[in-house]
Amino acid sequence: MTAPAISFEFFPPQNLEASFRLWDTVQTLAPLGPRFVSVTYGAGGTTRDLTRDAVATLHGSSGLNVAAHLTCVNATRAETLKIAEDFAAAGVSEIVALRGDPPKGSAGFEPHPEGFANSVELIEALAATGKFKIRVGAYPDKHPEAANARADIDWLKRKIDAGASEALTQFFFEPETFLRFRDACAKAGIDAPIIPGILPIENWKGTRNFARRCGTEIPAWLEDAFAKAERDDRCDLLATALCTELCSELIDEGVDSLHFYTLNRPELTRDVCHALGITPRITLENVA
Ligand code: FAD
């Protein structure tokens, strides 16, 4: 098995303790040599400044290739593009461009009257600057707002055609879900890389709730497995084994890149990477 390329997603810290946790996560995972790390943008545009600060700090101090998430929620076009310009000015030229979810309590996405109406408009505007490598979100289990799986893939194609060069997927629980999606994308003429999003399960109840909100299908066997593991207090062991197995099956099917949702907790992601043969890269700089 060839070790895949990897990338890690973090979220911006909201207080001092969370900042230490993020730094610890970065220090644990950076030696694994990620292709890039990304920093999320809070739902409803809530962490705009925190994301900007975390992106600039990571870019300036970690030596990692940093990608900033950016959404269209609650902002005019000018405000959104100003944030992108700030990223560029800080030396960050990779953006994960998203429509975004509405703020808590809102019924659905309502574009700002002077804002981007959808992700395609945002991608077109970012691409027109010529300054960014653009990644977008993709949904192997279908986005809850999509009319059907075909319409979801047609929309993904529009995002790629608008100027994105890669898609990162929502998490999923079974390899077949991703492989079917990858085949359907290829059939629809999408030739940009589709990178599976991998969520090591830190907390089963939280993951299950999140999956329900995202429309991610939860297999019955997984419910059973975690019910038993909770009884025997071995959830971490199960999570590591399941995640490693999921990644191995994807790699066996030709997947060469994985994007890990770390939730700013490094241990499970690190253990899975080690099990996949991805080990720390010590550079001369480190030992000198
Ligand atoms: P889109 O793909 O533009 O739209 C979602 C779906 O709705 C589409 O798949 C399509 O089926 C349908 N749709 C939307 N508009 C149209 C249209 N005009 N015509 C036809 N169909 C349409 N959220 C955050 O708030 N911050 C983050 O940092 C963040 N990071 C993410 C990272 C990844 C890798 C992923 C997969 C998701 C992330 N999200 C984040 C969640 C994301 O914001 C939500 O899933 C949101 O509901 C959709 O955003 P999108 O850009 O994927 O939307």
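Which backbone lies 2.4 Å from a nitrogen atom of the ligand? The first close-up has the answer, and a few notes apply to every view. This is a predicted model, so local features need pLDDT of at least 70 and side-chain atom pairs count only at pLDDT 80 or more, while totals for chains, interfaces and linings use all residues. Residues are numbered from 1 along each chain as its sequence is written, and side-chain values use heavy atoms, with hydrogens and water left out.

**View 1. Polar contacts hold a place in this look at the ligand.** The backbone in question belongs to tyrosine 41: one of its N or O atoms lies 2.4 Å from a ligand nitrogen. Tyrosine 139 uses its side chain instead, with an N or O atom 2.6 Å from an oxygen atom of the ligand. Glycine 100 comes in through a polar backbone atom, 3.4 Å from a ligand oxygen. A polar contact here is a pair of N or O atoms within 3.5 Å; within protein, one must be able to donate a hydrogen and the other to accept it, and residues adjacent in sequence count only if both atoms are side-chain atoms.

**View 2. A shell of 22 residues surrounds the ligand.** Tyr41, Ser119, Tyr139, Asp152 and Lys159 are the closest; a residue is near the ligand if one of its heavy atoms lies within 4 Å of it. By type, the shell splits into 8 nonpolar, 9 polar and 5 charged residues. Nonpolar means Ala, Val, Leu, Ile, Met, Phe, Trp, Tyr, Cys and Pro, charged means Asp, Glu, Lys and Arg, and the others, Gly among them, are polar. β3 (66-71), α5 (149-161) and β6 (166-171) each chip in at least two residues, and α5 gives the largest share, 3 residues. Helices (H or I, at least four residues) and strands (E, at least two) are DSSP runs, numbered from the N terminus.

**View 3. Phenylalanine 171 and phenylalanine 210 form a stacked pair.** The whole structure has 6 aromatic pairs. In this one the ring centres are 5.6 Å apart and the planes sit at 25 degrees, so it counts as stacked. Rings of Phe, Tyr and Trp (its six-membered ring) pair if their centres lie within 6.5 Å; planes under 30 degrees apart are stacked, over 60 edge-to-face, and the rest tilted. The partners are 39 residues apart, phenylalanine 171 in strand β6 and phenylalanine 210 in helix α7 (residues 204-214). Phenylalanine 171 is buried at 2% relative accessible area, whereas phenylalanine 210 is partly exposed at 36%. Buried means under 20%, exposed over 50%, and partly exposed in between (1.4 Å probe, protein chains only). Ring pairs link both of them with Phe173, Trp204 and Phe226 into a cluster.

**View 4. Asparagine 74 and aspartate 233 both have a positive phi.** Most residues other than glycine have a negative phi. Asparagine 74, with phi near 60 degrees, sits in the loop between β3 and α3 (77-89) and is partly exposed at 47%. Aspartate 233, with phi of about 55 degrees, is in the loop between α8 and α9 (235-252) and is exposed at 71%. Aspartate 232 lies in helix α8 (residues 220-232) and is partly exposed, at 44% relative accessibility.
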